[in-house]
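Me: I would like a close look at one part of this model, explained slowly enough for a first-year student.

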Amino acid sequence: MTVGACGEPGGNETASNGSGGGNQAVTTDLAALVQQIGESTAETNTAHLTMIVEAGGNKVETEGDIEFRSDDVAMALAMSLPGQGEVSAVLVDGLMYLDTGKDLEPGKPWLKIDPTADDPMSKSLGGMVEEMRKNADPRATVETLKNAGTLTAEVEAELNGERTTHYTILVDFEKVAAEQDDPELATTLDTLGVKEFPVELWTNGNGLPVRLKMEPPMTDPNTGKPVEAVIQADYTNWGEPVEIDAPPADQVAELPS
């Protein structure tokens, strides 16, 4: 999961009423918001995604197409990774395919990562696949927050020239850790001593997500020390055709088990 309230990586927001930042009164139930996101993305299920993840001085930029399927997402993305440059990624049917621009075997530039497989690469990167899926899918985020968050503000605002409703959700970090039964998350909670943090969501007039932003509590995996993190996902071009397919099998390299 992911989101934040200050230091926007990109895009401009203006309160619609021009006085005091808009009406903060909350008229939407969080469960109703979860249902709205599910229904709107079921009806209009494709979009263009731009995502920025900043943590501990590192920055990952991602851009591409996303398709919201009944219980999962499919994505075709171009990623900029620190120290590795540009990487193409396809996430489909729970599998991720990566192309670093170099053939791993003659004529086979793609690497397949299966979170359920036993090969060392899949074991090492399987968690990344799940995190990327969750961070890009606003349905997964709001569903996670349904029992651990409180909707604290609802403001009519203009974002990048579009009229939106801007929601702020205050998340109980202890409840998130308890629900996910994640030992690492529990350790992070003990290390940081953080009780809650805000998540922000902007939706358009059709109830579709426009932006999801978080500043989740995080620790450096190498040092265990707290690091500042911002995750922001922007969604545009809703409903436009996308083509997201796994690469041809004869272009995917075999990994040793």
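What joins strand S3 to strand S4, and through how many residues?

Reply: A hairpin joins S3 to S4, and it does so through four residues. This is a predicted model, in which local features need pLDDT of at least 70 and side-chain atom pairs count only at pLDDT 80 or more, while totals for chains, interfaces and linings use all residues. Residues are numbered from 1 along each chain as its sequence is written, and side-chain values use heavy atoms, with hydrogens and water left out.

Strands here are DSSP runs of E with at least two residues, numbered from the N terminus, and two strands pair if DSSP finds at least two bridges between them. S3 covers residues 58–68, and eight bridges join S3 to S4 (residues 73–81), the two strands running antiparallel. Within this pairing, threonine 62 stands opposite methionine 79 in S4.

On its other side in the sequence, S4 pairs with strand S5 (residues 85–92), again in the antiparallel sense, over seven bridges. S4 and S5 also form a hairpin, with three residues between them, and glycine 83 in that turn has a positive phi of about 80°. The bridge partner of alanine 76 is valine 90 in S5.

The end of S3 brings us to an aromatic pair, one of three in the structure. Rings of Phe, Tyr and Trp (its six-membered ring) pair if their centres lie within 6.5 Å, and planes under 30 degrees apart count as stacked, over 60 as edge-to-face and the rest as tilted. The rings of phenylalanine 68 and tryptophan 238 have centres 5.5 Å apart and planes at 20°, so this pair is stacked. Because phenylalanine 68 lies in S3 and tryptophan 238 in the loop between strand S14 (229–236) and strand S15 (252–253), the pair ties together parts that are 170 residues apart in sequence. Phenylalanine 68 is buried at 2% relative accessibility, and tryptophan 238 is buried as well, at 17%, where buried means under 20% relative accessible area, exposed over 50% and partly exposed in between, with a 1.4 Å probe and protein chains only. Together with Tyr235, these two residues form one aromatic cluster.

Tyr235 also appears in the largest nonpolar core, a set of 40 residues in which those with the most contacts include Ile66, Met75 and Tyr235. Such a core is a set of buried Ala, Val, Leu, Ile, Met, Phe, Trp, Tyr and Cys residues joined through side-chain atoms within 4.5 Å.
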